[in-house]
Amino acid sequence: MKTIGVLTSGGDAPGMNAAIRAVVRTAIYNGIKVMGVNQGYDGLINGNIKEMGLSSVADIIHRGGTTLRTARSEEFKTEEGRKKALNVMKVFGIDGLVVIGGDGSFKGAEKLSDEGFPTIGIPGTIDNDLGYSDYTIGFDTAINTVIDAISKIRDTSTSHGRANVIEVMGRHCGDIALYAGLAGGAESVIVPEVGYEVDEVCQKLIKGRNRGKLHSIIMLAEGVGRAYELSDEIEDKTGIETRVTVLGHIQRGGSPTAFDRILASKMGAESVRLLIKGESGKVVGIQGNKIINMNINEALKINNNLDKDMYELTKILSI
Ligand code: ADP
């Protein structure tokens, strides 16, 4: 392995820069040249590539977003598109690739590997929706952003005696709602893996109100439904004034937490070690505080189950 390429793809996540830095520095430490690919797989097809030296990744460990930028590439999904990418990599002398992204990006990485090109994936997504890894890069920062928002919303909610529905990201995965809901002391946590009964949510609100509670926070994962509809239903059924906050892309930005920076640093270094060992078609992850690796196809088959104990705990603690 003489030269490796690194790219970020799909949705961005805080901590991607820390991962890029770790890839670049670990490779150079091992005498390997690094080429940074801009704008994901599109950049690989178009040759939007430049060499990355040690100082190219100085001063980025604390920055949100991705300095390599990211993209979604329809062309890369086609065999022809990937042929172009393989040719470009030949021209630039790239003989191994690290892809930082989510499950979609991993499918692209798997295809490249099946087509004979050494490729390793690093999980970068705020959704934490990859079942093979306890955590993905960006998730911890996102839930910290959400609990910060919950605290602020709770202040005004208490002053006015209102209920608040807070809609968070996560696509089909309820982890952002669950973790931020538990950490933020939400009264109800609604996730796609379980679903909800609006009457149950309303009963809880009324019970809390009768006990003298001044606020109620209802965490709603985007994969279950829309916050405005739920809020209207709650107001109709309970008469309690209910407001909505859809947090949106604020959850994707910000300086990564220490946890995400450390996770990204460990995973970035491991991806380079795997390429040096001659591995391909693998993704790195974390299980029980240990960095692991796994074949991409196996990793993508593992269901991302909700932590049911944690879900039950949110119910017990918000009684
Ligand atoms: P994420 O990686 O965050 O899940 P996407 O699902 O948008 O984001 O995937 C990012 C990119 O990965 C896509 O734009 C596409 O270029 C590539 N990709 C996704 N699925 C495939 C696939 N089945 N085959 C090849 N490339 C894919």
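**Exercise 1.** Which of the 17 residues around the ligand come nearest?

*Solution.* Keep in mind that you're looking at a predicted model. Start with the shell itself: Gly10, Gly102, Gly104, Ser105 and Gly108 are the ones that come nearest to the ligand. Next, sort the shell by chemistry, and you get 10 polar, 5 charged and 2 nonpolar residues. Finally, look at who supplies them: helix H4 (residues 103-114) gives the most, with 6 residues.

**Exercise 2.** Check whether the length of H4 agrees with its residue count, then work out what packs over H4.

*Solution.* First, the length. H4 has 12 residues, and at 1.5 Å a residue it should span 16 Å; its end C-alpha atoms sit 16 Å apart, so the two agree. Now the burial: Asp103, Ser105, Phe106, Gly108, Ala109, Glu110, Leu112 and Ser113 of H4 are buried. Their cover includes helices H2 (40-46), H3 (79-91) and H10 (296-301), along with strands S4 (96-101), S5 and S10 (282-287). One last stop just after the helix: Gly116 takes a positive phi of about 100°.

**Exercise 3.** Find the residue that UniProt lists for "active site" and decide: is this residue buried or exposed?

*Solution.* The unreviewed UniProt entry lists Asp127. Go to the loop between strand S5 (119-123) and helix H5 (139-160), and there's Asp127. Count its C-beta neighbours inside 10 Å: there are 27, and the cut-off for buried is 20 or more, so Asp127 counts as buried. Then skip the neighbours within four places in sequence, and Asp127 is in contact with Gly102, Met169, Gly170, Arg171, Cys173 and Ile176. Gly102 should ring a bell from Exercise 1, being among the residues that come nearest to the ligand.

How values were computed. Residues are numbered from 1 along each chain as its sequence is written. This is a predicted model: local features need pLDDT of at least 70, side-chain atom pairs count only at pLDDT 80 or more; totals for chains, interfaces and linings use all residues. UniProt positions are given in the numbering used here, feature names are shortened, and annotations may be inferred rather than shown by experiment. Helices (H or I, at least four residues) and strands (E, at least two) are DSSP runs, numbered from the N terminus. A residue is buried if 20 or more other C-beta atoms lie within 10 Å of its own, exposed if 12 or fewer, and partly exposed in between; C-beta atoms are placed from the backbone. Two residues are in contact if their C-beta atoms, placed from the backbone, lie within 7 Å. A residue is near a molecule or strand if its C-beta atom, placed from the backbone, lies within 6 Å of it. Ala, Val, Leu, Ile, Met, Phe, Trp, Tyr, Cys and Pro count as nonpolar, Asp, Glu, Lys and Arg as charged, and the others, Gly among them, as polar. The expected span of a helix is 1.5 Å times one less than its number of residues.
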